[in-house]
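The questions below work through one model, moving from a whole chain down to individual sheets, helices and residues. Each answer sets out its reasoning and closes on the value or name requested.

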Amino acid sequence: MFGTDGISKAFGGAKALSNVSFQVTPGDIHCLAGENGSGKSTLIKIMSGVETPDSGTIILGEERLKSLTPREAVAKGVQVIFQDFSLIPNLSVAENIALSTDLLEKRKFVNPARNREVAAKALDLIGVDLDLDATVQSIPVSSKQLVAIARALNQGVKLLFMDEATTALTRKEIDQLFSVVRSLKEKGVATVFVSHKLDEVQEIAESITILRNGVVTAEGPIADFDRKAISLAMTGLDVTEVRLAPEVPSDTATVLEVSNISSKGRFKNVSFSVKAGEILGITGLLGSGRNEIAEALFGMTAIESGEVSVKGTPIALKGPRSAVSAGIGYVPQDRLTQGLFLNQSIRRNVMASAIERFLGAAGFIKGAEINDTVNTWVTDLKIKTDNPDNPATSLSGGNQQRVVLAKWLAMSPSVLILNGPTVGVDIGSKREILEIIRDKALEGMAIVIVSDDIPEIVQIAHRVLVVHQGEVSAELTDTAITESSLYKELAA
Amino acid sequence: MSYITPLSKRKGLQLFGSPNEIFLIIAIAVLSLVIGFTNSVFFSIATPFDLLRSSLIEILFALGLLIVLVSGGIDISFPIVGIFAGYTTVVIMLNLGLDTYSLWIPLVLAAIVGAILGSVNALLIAGFGLPTLIATLGTTGMFRGFLLSYIGSVYIANIPLGLDEFSTADLISIQTGSGTLARLHVLVIPVLILAIAIAFMMRRTMFGRTIFAIGGNEESARRMGMNVRWTKARIYMLVGALSGVAGILYISLQRKADPYDLAGTELEIIAAVVLGGASIMGGYGTVTGTILGVLLINLIKDNLILLGIPGSWQRAAIGLMLLIGVMSQAIADKRRAKQATVIEEDAS
């Protein structure tokens, strides 16, 4: 038996966990679900010895412990695979797996032949065949994950936490990961998936514990839960997923016209058009080219042939600047590195794209006008902050995404491209963000949503393009857009 | 059961830098031919012997720098550490009347002085976590000032006997057709042994692998249970000792101890190590590549005049080589990053 019994933990005055109990037995496949800030990470940190609980016990096999050090946690078989895998990119697969055993055995010398043998054995245990001599940076993400699992196994893992394990994987790679997890199950390893993206995890997990605000709100066999029940337990809100897409006025003009664009190795012969007030969804598996198409429309990936025109005028997409001046806005996938100036104030972030419209004589910035505009956006988009001069880091994921949205809406683009607009955003905020997008469409903005979140696409899009191997493989409209039809197209 | 075919068959390609080493060998060969056809004096057994002699000390410094670069840092204090340790050793020996034929006394003494100076770098970098460039820039100034104010600023022509004698210790000397004596210095053997030892240390010891791991991803190395701070501290002490040895041998070969010597040589050593394939970002680098890099730089430096290029262009040429080395790394990185975005999904 592994887990916790009545664990509580507070940081300063804020309670991160209160009286949390969860148990798994060897061979279990468990899912620990909760939104950002629900206490999932704190719980992992306690189990891996990084944080000490204020009260309650940690259960590790026969032992009942009040606290744990990271070293003890590893010695007792607790391992966490973080999203970055904690591998050494320039060392070989063999060394990444075997060096930790060398370290445990306090060896002064390393023997490549022995390391290869140790690594091969560990990979064999999970039924995986990898090039032992390849450097870790040259192998795909899915293989890196397998290397991390093999390393954990080598260190005698009994309880394995996997943090957002499926986020960066394609469907095929997820299947592969699941078969590895099943082979761990046969070896008596308990695996805990920590996730807020439940569609895939639901497939493999046998039981689930759901956290909200540091409290367990639901637990039990996963078969007892449908998606609605899970999202209710996660958010406390009865969020119904209704179609939000408004009617498109039939007589509006085409705003974005994309004809036959290609980029070698990324996408080919992609054509579509978007009318004012229309919301076009583009979906596809990871690596299908959907992301590259989105970036190309904002000038971040070179278009080698074909034409893009906005309001009938062909434009040369040489880079983001030319896209912006043609009236294209882009909400990127990775808001932390591409969408926000994290250490700058919310105010400056909101104004970053529209600053040229607030320049007075001699290029000075008109401060007062900016303040008024920012305050309007903060109210309109319900950005939860008591002061727009606080840095963007002070906001939660959902609110940060609203700032990114505000930044682009402030420049009033005629076309807005959103790449994964609600990735890492909690369910409550997600609904509100989708509503903002819908309202902008009603005002006549042409919108392109690129996403692999099928329920989201179904909720918001008028029309959906499915991308497969860089080409548009299907186009669905209105009533034909259902979750099952989209999943079918994706699997085709 | 086999689930995965590796994305890349480029086995350990970057790890051993072999294409880069082959490129360096070709560059050295082509350049030699060009110089030789311009000036036939070049085609003589004396040329490789002279090239080696002028490269040996630089190889010692370069091997030290290689270790630092692989760990993801940079050290620009090694020339001053070298001359500080060498000059101080000479001063100590002369003051104590140790004007002996022994070679071990000056070598050990210089290594100790070098290690002490290196531990100052170690304290700043591993202890206080300062950025390596800034820390070693600061110590460069400190060490130089300390050397000139407290130890001496005068040129010493009469160095201890052992060091003086060693300068003419030849392994081979051949009478060439043109009547000059082609001499290969005996130092070539200890330098070769040291190079092999460092290569072994980098590849086969936990210390060496930890250095690579820190250069690859410091946080991951820490999470793997490696002692990152202690490894860094050892790196800078080791490099200090190595620089000290290089410094005293430099004084021996020059047959004089001048505290103003070696200043500015960091440019060509860094250029050589980077051309040798060591990544300026850390994590990659080989001993073979480093030695080839030093040889190439010295070949260019020593023979610009034979090619009809004024000697004043020497530093410009070396600076250019450094930029070429860094640029080729940047281009390779960019190409690798580009490859990663290519659609890998196969038909299923």
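Q: What percentage of the 492 residues in chain A is made up of buried residues?
A: The model is predicted, and the count therefore describes computed coordinates in which a residue is buried if 20 or more other C-beta atoms lie within 10 Å of its own. Applied to the 492 residues of chain A, this criterion gives a buried share of 48%.

Q: What radius of gyration does chain A have, and what does the globule rule give for 492 residues?
A: Chain A contains 17 helices and 20 strands. Its C-alpha trace spans about 70 × 50 × 50 Å along the principal axes. The radius of gyration is close to the value from the globule rule, so chain A is as compact as a globular protein of that length; the two values are 25 Å for the chain and 23 Å from the rule.

Q: Among contacts in chain A between residues at least 6 apart in sequence, what percentage joins residues at least 24 apart?
A: A contact here requires C-beta atoms, placed from the backbone, that lie within 7 Å. Among such contacts in chain A between residues at least 6 apart in sequence, the share that joins residues at least 24 apart is 68%.

Q: Which strands stand at the edges of the open sheet with the order 2-1-4-5 in chain A?
A: This sheet has four strands with antiparallel pairing, and its neighbouring strands are turned by 20° against each other on average, direction ignored. An edge strand has a single partner strand, so one side of it is left without a neighbour in the sheet, and in chain A this applies to strand 2 (14–24) and strand 5 (63–65).

Q: Which residue stands opposite Ile58(A) in strand 5 of chain A?
A: Strand 4 (residues 55–60) of chain A runs antiparallel to strand 5 of chain A, and three bridges join the two. Across this pairing, the residue in strand 5 of chain A that stands opposite Ile58(A) is Leu65(A).

Q: At about what angle does helix 1 of chain A run to strand 2 of chain A?
A: Helix 1 (residues 40–47) of chain A lies across strand 1 (2–11), strand 2 and strand 4 of chain A. The angle of helix 1 of chain A to strand 2 of chain A is about 65°.

Q: What is the average twist from one strand to the next in the sheet with the order 12-11-14-15 in chain A?
A: This open sheet is formed by four strands of chain A, and the pairing is antiparallel. Strand 12 (267–275) and strand 15 (313–315) of chain A each have a single partner strand, so they stand at the edges with one side left without a neighbour in the sheet. From one strand to the next, the twist averages 25°.

Q: Which residue in strand 15 of chain A does Val308(A) stand opposite?
A: Strand 14 (residues 305–310) of chain A pairs with strand 15 of chain A in the antiparallel sense, over three bridges. In strand 15 of chain A, the residue opposite Val308(A) is Ile315(A).

Q: How many residues of helix 9 of chain A are buried?
A: Helix 9 of chain A covers residues 290–297 and is mostly covered. The buried residues include Arg290(A), Glu292(A) and Glu295(A) as well as Ile293(A) and Leu297(A). The count for helix 9 of chain A is eight of its eight residues.

Q: At roughly what angle do the axes of helix 5 and helix 6 of chain A cross?
A: The axes of helix 5 (residues 141–154) and helix 6 (residues 171–186) of chain A come within 10 Å. Their crossing angle makes helix 5 of chain A roughly parallel to helix 6 of chain A, and the contact between them has four nonpolar, three polar and one charged residues. The axes cross at roughly 10°.

Q: Is Ile83(B) buried or exposed?
A: Ile83(B) has its place in helix 4 (residues 78–95) of chain B. Leaving aside neighbours within four places in sequence, Ile83(B) is in contact with Gly247(B), Pro259(B), Asp261(B) and Leu262(B). Because 28 C-beta neighbours lie inside 10 Å, Ile83(B) counts as buried.

Q: Is Ala368(A) buried or exposed?
A: Ala368(A) lies in helix 13 (residues 367–380) of chain A. Because Ala368(A) has 8 C-beta neighbours inside 10 Å, it counts as exposed.

How values were computed
Residues numbered from 1 in each chain as written. Chains lettered and ligands numbered in written order. Predicted model: local features only at pLDDT ≥ 70, side-chain atom pairs only at ≥ 80, totals over all residues. Pairing = 2+ DSSP bridges. Axes fitted to C-alpha atoms, helices over the stretch in contact; angles between N-to-C directions. Buried ≥ 20, exposed ≤ 12 C-beta atoms within 10 Å, placed from the backbone. Parallel < 35°, antiparallel > 145°, perpendicular 65-115°, else oblique. Nonpolar A, V, L, I, M, F, W, Y, C, P; charged D, E, K, R; others polar. Rg over C-alpha atoms; globule rule 2.2 N^0.38 Å. Contact = placed C-beta atoms within 7 Å.
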